[in-house]
Amino acid sequence: MSVIHYHGGPVVGAKGAAADIVYRNGGAFISYLYTDQISKCFDICDSIAFDNGAFSAWKSGKVINWDNFYKWIGKYYDNPKLKFFIIPDVVDGGEEDNDRLITEVPEEFKSK
């Protein structure tokens, strides 16, 4: 069994050439808040995972609408390259906050 190394994005530099090198034949870890290279990743990566963007949003004072997050996932969910996603979480929340978000994961997304 081989381990897939997921490169966080976006990868910048040389007008996209760096992303071509980093992502080719590897994995991409795409944040919900930074999706500008998503098409490139689905074109050249072997494996893709989605991050919910909660930490980046928390650091910048943004609030994520989790219904919109799940709609976004729905656009890609059936693509075999999408292997998993990180469910929503409350960065500075407690166990109850995060348990609630676990129960809100739509049933149709629980296989990944």
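**Exercise 1. Place Ile-102 in the fold and decide how exposed Ile-102 is.**

*Solution.* Start with the secondary structure: Ile-102 belongs to helix α5, which covers residues 95–103. Keep in mind as you work that this is a predicted model. Next, take the relative accessible area, which is 44% for Ile-102. Buried requires a value under 20% and exposed a value over 50%, so Ile-102, at 44%, is partly exposed. Finally, try a distance: Ile-102 and Gly-27 are separated by 75 residues in sequence and by 25 Å in space, C-alpha to C-alpha.

**Exercise 2. Work out where His-5 sits, and whether His-5 is buried or exposed.**

*Solution.* First find the segment: His-5 comes before strand β1, which spans residues 6–8. Then check the accessibility. The relative accessible area of His-5 is 53%, and the cut-off for exposed is over 50%, so His-5 is exposed. Now look for partners further along the chain. Leaving out residues up to four places away in sequence, His-5 touches Gly-26 and Gly-27. The C-alpha atoms of His-5 and Ala-28 are 8.1 Å apart, with the two positions 23 residues apart in sequence numbering.

**Exercise 3. Do the analysis again for Ser-31, and list what Ser-31 touches.**

*Solution.* Ser-31 lies in strand β2. Its relative accessible area is 7%, and buried means under 20%, so Ser-31 is buried. Setting aside residues up to four places away in sequence, Ser-31 is in contact with Asp-51, Gly-53 and Trp-72.

**Exercise 4. Find out how many disulfides the structure has, and explain the case of Cys-45.**

*Solution.* Begin with the count: searching the whole structure gives zero disulfides. Cys-41 is therefore in no disulfide, and the nearest cysteine sulfur to that of Cys-41 belongs to Cys-45, 4.4 Å away. A disulfide is a covalent bond between the sulfur atoms of two cysteines. The cut-off used here is sulfur atoms within 2.5 Å. For Cys-45, the closest cysteine sulfur is that of Cys-41, and 4.4 Å is too far for a bond. As a last step, consider the surroundings: Cys-41 is buried at 0% relative accessibility, and Cys-45 is buried too, at 1%.

**Exercise 5. Describe the largest nonpolar core: how many residues does it have, and which have the most contacts inside it?**

*Solution.* The largest nonpolar core holds 27 residues. Ile-48, Phe-50, Ile-73 and Phe-85 have the most contacts inside this core. Then turn to the elements: α1 (17–23), β2 (27–31), α2 (38–44), β3 (47–51), α3 (54–60), α4 (66–76) and β4 (82–85) each contribute at least two residues. The top contributor is α4, with five residues. To zoom in, pick Ile-73: apart from neighbours within four places in sequence, Ile-73 contacts Phe-50, Phe-85 and Phe-109. For background, nonpolar side chains tend to be buried together in soluble globular proteins.

**Exercise 6. Characterise the largest pocket by volume and by lining.**

*Solution.* Step one is the volume, about 200 Å³. Step two is the lining, made up of 13 residues, with Lys-62, Ile-64, Trp-66, Asp-89 and Val-90 nearest the centre. Step three asks which elements give two or more residues to this lining: they are α3 and α5. Of the elements, α3 gives the most, with three residues. Step four is the chemistry: the lining divides into nine nonpolar residues, four charged ones and no polar ones.

Technical notes:
Residues numbered from 1 in each chain as written. Predicted model: local features only at pLDDT ≥ 70, side-chain atom pairs only at ≥ 80, totals over all residues. Heavy atoms only, no water. Core = buried A, V, L, I, M, F, W, Y, C linked by side-chain atoms within 4.5 Å. Buried < 20%, exposed > 50% of the residue type's maximum accessible area, 1.4 Å probe, protein only. Helix = DSSP H or I, 4+ residues; strand = E, 2+ residues; numbered from the N terminus. Contact = heavy atoms within 4.5 Å. 1 Å grid on protein atoms, 1.4 Å probe; cavity = no way out; pocket = protein on both sides within 12 Å on 5 of 7 lines; lining within 4 Å. Points joined across faces, edges and corners; volume = space filled by probe spheres on them. Nonpolar A, V, L, I, M, F, W, Y, C, P; charged D, E, K, R; others polar.
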